[in-house]
Amino acid sequence: MSLGFPAVCEELLSAWRDGVKRETGHSAAAFLILAVLACAGCLLIPGLLDLLNGVMGNLTVDLEAVTDESGNLSAPAVFLSNLQATTFIMLYGLVPFVRLSAMALGLNAVMLGWLAAVYVRSGLSLALYLAALIPHAIFEIPAMLLAFGVGLYVCGQVTRRLRGNEQTRSITSCLSLMGQTLLLALAPLLLAAAFVEAYVTPAVAAWFL
């Protein structure tokens, strides 16, 4: 029998108190530190920016996949792309012993720092970079951090379960938690982020050009 909405909310709150909150907080701190270090490193260390240009250029989202025929960002395409990314971030947690969600966190943080350095090295201001990021990041980054938190929490649960701790969540329970988080928290945040990125962020960024 399916759970009612109040029961689902209570389950999510229970997981939040049980460890998702802690992992999300750690993710936020690590994300900020890595992004700042990546930006500073690219600006201060000769050759690092060129190295990351080659690496990150192959990892960034294909703009053609998230734009319409006019070359403008498509909110539905951006939403689906980000929803897929956050889903995989959580699913990485099902791999025991290896905190793959942390690797995804590091990659995304370094990418943000690298982009900031690209703006500066190109003669553009950090104000423009922030204007092109903050409007939709208000929704998108919390969604990503929550996905990282859930993925890391699930990894810990699965790992302890395999080590014989029967008090931890089963695979089925972990999948249920991820599905509920996706539907009730991540999807609304990412939907708002996609529409802001497509329709608000370009207008805000244009003020700084």
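These points concern a predicted model and take up two of its helices, H6 and H1, together with a patch on the surface.

1. Helix H6 covers residues 134-162, and its length can be checked against its geometry: at 1.5 Å a residue, its 29 residues should span 42 Å, and the C-alpha atoms at its ends lie 41 Å apart, which agrees with that expectation.

2. The course of H6 includes a kink of about 30°, which is placed at glutamate 140, shortly before proline 142. After the helix comes glycine 164, a residue whose phi is positive, near 105°.

3. As to its surroundings, H6 is largely enclosed by the rest of the structure, because 21 of its 29 residues are buried, where buried means a relative accessible area under 20%.

4. Helix H1 takes in residues 5-44, and leucine 44 belongs to it. Leucine 44 has a relative accessible area of 69% and is therefore exposed, since the cut-off for that class is over 50%. The residue also contributes to a nonpolar surface patch of about 430 Å², which Leu44 makes together with Leu43, Ile45, Val120 and Leu126.

5. Arginine 22 is likewise placed in helix H1, and its relative accessibility of 44% makes it partly exposed, because that value falls between the limits of 20% and 50%. A reader tracing the chain may wish to look at arginine 22 beside valine 150, as the two are 128 residues apart in sequence while their C-alpha atoms are 10.0 Å apart in space.

Conventions:
Residues numbered from 1 in each chain as written. Predicted model: local features only at pLDDT ≥ 70, side-chain atom pairs only at ≥ 80, totals over all residues. Heavy atoms only, no water. Helix = DSSP H or I, 4+ residues; strand = E, 2+ residues; numbered from the N terminus. Expected span 1.5 Å × (residues − 1). Bend = angle between axes of the 7 residues up to and from the residue. Buried < 20%, exposed > 50% of the residue type's maximum accessible area, 1.4 Å probe, protein only. Patch = residues over 30% accessible without salt bridge, like charges linked within 9 Å, V, L, I, M, F, W, Y side chains within 5 Å. Areas by Shrake-Rupley, 256 points an atom, 1.4 Å probe, with all protein chains shown as cover. Salt bridge = Lys/Arg side-chain N within 4 Å of Asp/Glu carboxyl O.
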